[in-house]
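Reader: I am in my first year and would like a close look at a single part of this model, namely chain A and the places where other chains touch it. Could you take me through it slowly and explain each term as it comes up?

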Amino acid sequence: MTDILPFLKSLISAPGLSAYEGPVAHLIEEKWRPLVDEISTSRLGSLHGLKRGRAKAPRPALMIAAHMDAIGLMVTKVEQGFLHLDEIGGIDVRILPGTPVIVHGRQEDLPGVIVMPPLKSLPEAAREGAIGLRHLLVDTGLLPSKVASLVHVGDLVSFNTPPVELSGEVLSGHSLDNRASVAALTLCLEELQTKSHLWDVWAVATAQEEETLGGAATSAFHLHPDLALVLDVTFAKGAGDKGSGDWQTFPLGKGPTLGWGANLHPYLYKKFKELADQMEIPVAMDISPSNSGTDAYAIQVARAGIPTMLIGIPLRYMHTPVEVVAVKDIQRTGRLLAEFISRLELDFVSRISWEDEDGK
Amino acid sequence: MKQLIQKLTDTFSPSGYEDAIRDVIRSEIKGFADEMRVDALGNLIARKGKGGTRVMVAAHMDEIGLMVTHVDEKGFVRFTGIGGVYPRNLPGGRVRFMNGTRGVIGLDGSVVGNDLPALDKMFIDVGVSDREACPVKTGDVAAFERPFMDLGGRLVAKSMDDRIGCAVAVEALRALKSTSNEVYFVFTTQEEVGTRGAQTSAYGIDPELGFSIDVTGWGDTPGQRDFDMALGQGPAIKIRDGGMLSDPRIVDWMIAAAEKNKIPYQREVLLGGTTDARAMQLVRSGIPVGCISIPCRYVHSPSEMIDYADVQNAVKLVTALLRPPIKLP
Amino acid sequence: MANRTPAVGAAQVRLLERLCRAVGVSGGESEVRRIILDEIKSHVDEVKVDALGDVLALKKGRGAKRLRLMLDAHMDEVGFMLVADEGEGLYRFKTIGGIDPRNLAGKQVLVGRERKPGVIGAKPIHLTTADERRKPLTEDALRIDVGPDAKIKIGERGTFAPNFQRVGPALMSKSLDNRLGVATLIELLKGSYPNVDLCAAFTVQEEIGLRGVKVAAQYFKPDLGIVIDATPANDLPVQFDGENTFYNTKLGLGPAIYVSNSSTLDDPRLVHFLQRVAEQAGIPYQIRQPGGGGTNAGGIQRAGAGVPVVSLSVPHRYTHSPMSVARLDDWKNTLALLHAAIRQITPALLKR
């Protein structure tokens, strides 16, 4: 299996905030071009890569979605050289003070840091407890007149923590949600270069998952696949998550998870579980009773409905600039996907049944 | 244009009950559109131009309102909101029902202290003494009633949100003597309850790109710190709001047109609130969208204030965008 | 021994970067100590390391009535110590020195003698409630994560990950407090001041109670002392109707002369002396607002029979956080003021 780490590191070093996925889309397109037969971009900026199956047309089609957008921030106001912020995607404000960022001005990228202002500069009511986002500021180190000419309301601000390898083949950085899944999807495409498959495969790097699931909804409408798989990160056990959320966290580096719940088709869960067991890939059941909180939520109800499945890659500290993922889990996910695809029979969809609703 | 604005804001049409405003707008654009139709949810769709890039421009014609939940024994009318109706904008307000009945909003006396109660602790007093005499019943619909006020540079009325957007769309349609594009001006219904008209009309039209014209908030009165938006500094080009991110290509296109035509503009990042563009963006295979906003003070109150020059500049900007052939990168 | 006029140029900025990238938490200053010893050894007459780890260097002057001048720059920084191993690469930690816990979550760190990378993660927002998010995260709720295989022992120390940058007029880095002071003192030792015995103390454990300076002052028994440090600039805009009256110092206005802080009332003779020197030489300076944080001056002033002191600092924003911000010009002017002042010190300075 090729070393996915350099590609993954490049993915998490490129900005790609929701609706502004250009830079990361470009990297993915370059990587996928030699791996697929056709590549195109949707109306909302999602990347569609088609690898044709070898069955005679008309062939059924499988869509695999991994969102490429990442959370970040946007400038709402420039005040005496300091920048006020709004979030794009959900961010726990408590992790922001002291975070290094890049401010993407119209002409230049500017390094900066999110700072907690002196408490006395805040209204009294705002000094207690966690400092709210409306009071945090970005300092770029530049003089106010320079900032006013380089930065405007609406400019993007992305995290600037560099990728760092921790012990035990583990990578830390920002935007591993969901670039880790894009890497897994890429590994799958690489495996498929030497594994034949009957079905058409649409590899889709979706846009705007963190804001509206818009890329997934519109790509599913457009491609109208017979089956859909969604790759997203899930919660790995890490610091601070003891308590009632325990059932939602999984050990880091002990295999991907398989989604279970109303949003996902139980027949697909069964098939993936059987396959993982055969391949000796450890997997865990990842429960979301109603809404999986991923692109699957939009895809399942596109057009007249699409049987959808979710594979999760465990990730510590989701939605912080120091997310942590095990490279092995990414590799396992890529292999599991490729094997599933290579075994897809033409009549798979007709065999999807509802008898096994309890996952047995 | 002030007369048009007054005519539109004076019309009674809460979400779901847009017949009256549709008739008014239809009469205003008759003769200027190439084709007009009304779709299944009551959207008024006016096409200008044929062939060329298919563009949808949405301005919602519904306004927020109130609906009767119960008339009590003494004839006091309990109500709920249609769209974003906020307690702080209600006490002492005057309303008018679809059947012409008028009334005043009162507060339940059992409410203690200075905190504003929720809607269910308020009522509408229509001046009767018992239920039998009450001219309205459960399910009846009302809207704010306030006279239009011309302060010279600033105009005040109820339902500037979004009759001002409709006014801009009407004026742009009239000014657009010819266009290289196929433009669908859609006066949408039910925006205030979830951008519903926009979603279905966009599905039906399937445009290649689009934008909405709506009001946005304000940041230039005492104590307002978070929103960098002022009346009189030009219409706003929306980059983001609480429900969506505008397509960057649309934002760039709008900024380029404003700068080329020397039209003042502001960049908008609105925390909270959204417009028809959000619904348009996610329809079918997706539509690149943006929004042109009119800065508006006291939004969703009975006295919304806009700057007249901002409105005129918005008309100029919309016209400048729609006239030449549109090609996004 | 090369003698030249101390100044801030590219080489000095590179030295500052080296110092800032070092991990030298109070009680574990070795890495910084090594850099200092290496830099100064060929420029001084005597150097030793005392029982607490202070570097004490002497540059002898000439002439009969010369004063013993002690210059102090603390070389420690705030940081953490790992206190318990919870398995899977997660460690409990305690902060050393005053770090606002609100600056901890979501940060990259460097831990141990072997400088192993780690992160201080935080629970995913999806698993928190709105109520929870209103309460700040405390040190006890957070863990340092170094990955499942790291063999790091408890007791090791760490800091925020090094991140030095020169951006336009600004220097942005962790531990500008007090590597700016250390770099300044190193540079001064490369100059020549025959009019004084220059006693340079690179002291330890300032951040946890001004510990090193006390013993250094006992050792040197100086006639006067100048403390070189970095002081906070709280010069951000107020977020309500009003004026910022609590800025302490401001970026861009030059070195800050202290008149009073929580540990000392600076000697008025020395305060006025520095002002005169600055005005004569055309060097901008500011007076730091009285009150607030202590410097090592307190440790010198009450040593033995007492020593007149003054503190002079480079202003910097966001002290004790992962990234502070200072102005290159303020540093240049601090060094220039010290150089001009030291050359003019005579016994007359202390006459009453």
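Author: What follows describes the contacts of chain A with chain C and with chain B, and then a patch on its surface.

This is a predicted model, in which local features need pLDDT of at least 70 and side-chain atom pairs count only at pLDDT 80 or more, while totals for chains, interfaces and linings use all residues. Residues are numbered from 1 along each chain as its sequence is written, chains are lettered from A and ligands numbered from 1 in the order in which they are written, and side-chain values use heavy atoms, with hydrogens and water left out.

Where chain A meets chain C, 62 residues of chain A are in contact with 54 residues of chain C, contact meaning heavy atoms within 4.5 Å. About 4800 Å² is buried between these two chains, 63% of it on carbon and sulfur atoms; buried area is the accessible area (1.4 Å probe) that two parts lose on being put together, summed over both. The interface of chain A and chain C has 3 salt bridges, a salt bridge being a side-chain nitrogen of Lys or Arg within 4 Å of a carboxyl oxygen of Asp or Glu. Asp139(A) forms a salt bridge with Arg317(C), and their closest N and O atoms are 2.9 Å apart. Among the elements that give two or more residues to the side of chain A that touches chain C are strand E5 (82-88) and strand E8 (137-139) of chain A, but E7(A) gives the most, with 4 residues. Strands here are DSSP runs of E with at least two residues, helices are runs of H or I with at least four, and both are numbered from the N terminus.

Turning to chain B, the contact takes 30 residues from chain B and 28 residues from chain A. The area buried between chain B and chain A is about 2600 Å², and carbon and sulfur atoms give 52% of it. Leu245(B), Arg267(B) and Ser285(B) supply 24% of the area that chain B buries against chain A, more than any other three residues. Between chain B and chain A there are 5 salt bridges, and in a salt bridge the side chains of Asp86(A) and Arg240(B) meet at 3.0 Å, N to O.

Finally, Met285(A) lies in strand E15 (residues 284-287) of chain A. Met285(A) counts as partly exposed because its relative accessibility is 32%, where buried means under 20% relative accessible area, exposed over 50%, and partly exposed in between (1.4 Å probe, protein chains only).
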